[in-house]
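This briefing goes through one protein chain by topic, from its surface and core to its charged pairs, strands and backbone. Please keep the sequence and the structure open while reading.

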Amino acid sequence: MARSFYNLPSLTTLAAFETAARKLSFKKAAQELNVTPGAVSHQIKALEAEIGGRLFERKHHGVVLTQAGEELHSVLHLTFSEISRVLVRIRKSPDDVSVSIASTTAVSSLWLMPRMVHFWKEHPEIPVNQFVSDGGTKDRQLGDLSIVYGKRKSTTQPHWELFRDHLAPVCSPDISDSLHDMPLAVLAGQSLIHLEADDDSWTTWQRWFSELNYKGPISRGIRVNNYMTALQAAQDGGGIVLGWQNLVRPILKTGRLVALNAYEIPAPESFFITTSNTDTVGANTKILRDWLLNDA
């Protein structure tokens with residue numbers, strides 16, 4: 001069988017694999033690719049047969065990448081991301097002055113959007129397109145700018161620190177009245193709202209308790225896959241959520257959530273603004289980046 005110049009497997013199988021590896025789910029990959037999970041599984045099996053090795057380990061709760069899968073996904077993600085960035089640049093007409101910025105739903109709604117109103121008052125001539133994704137840091141690397149939590153040591157992307165946040169439990173006023181001065185062990189037994197999103201950069205309750213040297217049991221509570229959903233559940237009296245104080249300040253000011261400040265600690269990481277390549281950053285992108293850095 002004739003092979004391509006680069007001696008590559010079918011690009012269809014590579015695309016199916018990259019999506020499944022990024023999502024760690026054949027079902028979620030199928031939704032993104034608009035095919036059936038069976039079609040994704042078929043493409044993965046075809047690719048594994050061609051390379052003569054397994055790319056995924058099938059588990060009861062889903063799939064995990066093998067070492068070979070990790071290696072292949074790493075290079076595919078970098079390659080596809082670079083192709084996407086080049087296409088965006090090629091498609092952009094010379095008179096296109098817009099800037100795209102990527103972030104999570106929570107960062108966009110609670111931190112970025114209120115600032116964009118002030119930015120547009122100062123720079124009404126610069127259109128800004130927001131790309132919102134809760135699918136993990138890799139999904140937010142396609143904008144001219146991206147806001148990420150935690151500096152990735154393995155990346156070559158330039159990073160500028162926006163702010164270092166603080167973490168404290170937040171809950172509805174009714175719940176907070178009964179929790180003041182409670183020991184950590186009592187707090188750990190309350191109805192905790194756990195965030196289990198595709199983006200695993202958020203600090204978990206387990207890590208937060210560990211930072212406070214608490215090693216005891218932690219309530220299973222309820223589990224959601226979106227931070228805005230977690231905040232809404234807390235406002236509705238559903239339990240206690242770990243609050244990023246700088247992000248949730250707009251809600252705290254309304255009184256719908258109350259922070260248990262006795263347990264506040266610095267966040268393990270900072271929020272950063274990144275660009276894919278300083279050599280290709282446009283003038284308006286630099287203006288927005290510098291404005292956000294100065295405001296933060």
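**Briefing on the predicted model**

Tyr-6 has its place in the segment before α1 (11–23), and it is a convenient point of entry to this structure, which is a predicted model. The protein has 11 helices and 11 strands, and buried residues make up 45% of its 296 residues. Among contacts between residues at least 6 apart in sequence, 75% join residues at least 24 apart.

**Surface**

- The protein exposes about 15,600 Å², of which carbon and sulfur atoms supply 53%.
- Tyr-6 forms a nonpolar surface patch together with Leu-8 and Leu-11, and the accessible area of the three residues together is about 370 Å².
- Tyr-6 counts as exposed because its relative accessibility is 63%, where the cut-off for exposed is over 50%.

**Nonpolar cores**

- In soluble globular proteins, nonpolar side chains tend to be buried together.
- The largest nonpolar core of this model has 54 residues, and among these Trp-208 and Phe-271 touch the most other members.
- Helix α5 (residues 105–122) contributes the largest share of this core, with seven residues.
- A second, separate core has 15 residues, including Leu-14, Phe-17, Ile-44 and Leu-65.
- When neighbours within four places in sequence are left aside, Trp-208 is in contact with Leu-167, Pro-169, Leu-184, Leu-187, Thr-203, Leu-242, Tyr-263 and Ile-265.

**Helix α10 and its surroundings**

- Helix α10 spans residues 245–254, and its buried residues include Gln-245, Asn-246, Leu-247, Val-248 and Ile-251.
- The buried residues of α10 pack against two helices and several strands, namely α5, α9 (227–235), β6 (159–171), β9, β10 (258–259) and β11 (265–274).
- Just after α10 comes Gly-255, whose phi is positive at about 85°.

**Salt bridges**

- Side chains of opposite charge can pair when their charged atoms come close.
- The count of salt bridges in this model comes to nine.
- Asp-295 and Arg-115 form a salt bridge in which the closest N and O atoms are 2.7 Å apart.
- This pair links distant parts of the chain, since Asp-295 lies in helix α11 (residues 283–295) and Arg-115 in helix α5, 180 residues apart.
- Asp-295 counts as partly exposed because its relative accessible area is 37%.
- Glu-211 and Arg-207 also form a salt bridge, with 3.8 Å between the closest N and O atoms.
- Both Glu-211 and Arg-207 belong to helix α8 (residues 205–211), where they are four residues apart, or about one turn of the helix.
- An α-helix has 3.6 residues a turn, so residues three or four places apart point the same way.
- Glu-211 is partly exposed at 44% relative accessibility, and Arg-207 is likewise partly exposed at 41%.
- Glu-18, Arg-22, Lys-23 and Glu-32 are joined into one network by salt bridges that share partners.
- Within this group, the side chains of Glu-32 and Lys-23 meet in a salt bridge with an N to O distance of 3.6 Å.
- Glu-32 counts as partly exposed at 40% relative accessibility, whereas Lys-23 is buried, with a relative accessible area of 19%.
- Lys-23 therefore falls within the buried class, for which the cut-off is under 20% relative accessible area.

**Strand pairing around β7**

- Strand β7 (residues 192–195) runs parallel to strand β9 (residues 240–244), and two bridges join them.
- β7 also pairs in the parallel sense with strand β8 (residues 222–224), in this case over three bridges.
- Ile-193 stands opposite Val-241 in β9, and its bridge partner in β8 is Ile-222.

**Positive phi outside glycine**

- Leu-24 is found in the loop between α1 and α2 (26–33), and although it is not glycine, its phi is positive, near 50°.
- Leu-24 counts as partly exposed because its relative accessibility is 42%.
- Asn-213 is found in the loop between α8 and β8, and this residue, also other than glycine, has a positive phi near 65°.
- Asn-213 counts as exposed because its relative accessibility is 63%.

Methods
Residues numbered from 1 in each chain as written. Predicted model: local features only at pLDDT ≥ 70, side-chain atom pairs only at ≥ 80, totals over all residues. Heavy atoms only, no water. Pairing = 2+ DSSP bridges. Patch = residues over 30% accessible without salt bridge, like charges linked within 9 Å, V, L, I, M, F, W, Y side chains within 5 Å. Areas by Shrake-Rupley, 256 points an atom, 1.4 Å probe, with all protein chains shown as cover. Salt bridge = Lys/Arg side-chain N within 4 Å of Asp/Glu carboxyl O. Buried < 20%, exposed > 50% of the residue type's maximum accessible area, 1.4 Å probe, protein only. Core = buried A, V, L, I, M, F, W, Y, C linked by side-chain atoms within 4.5 Å. Contact = heavy atoms within 4.5 Å.
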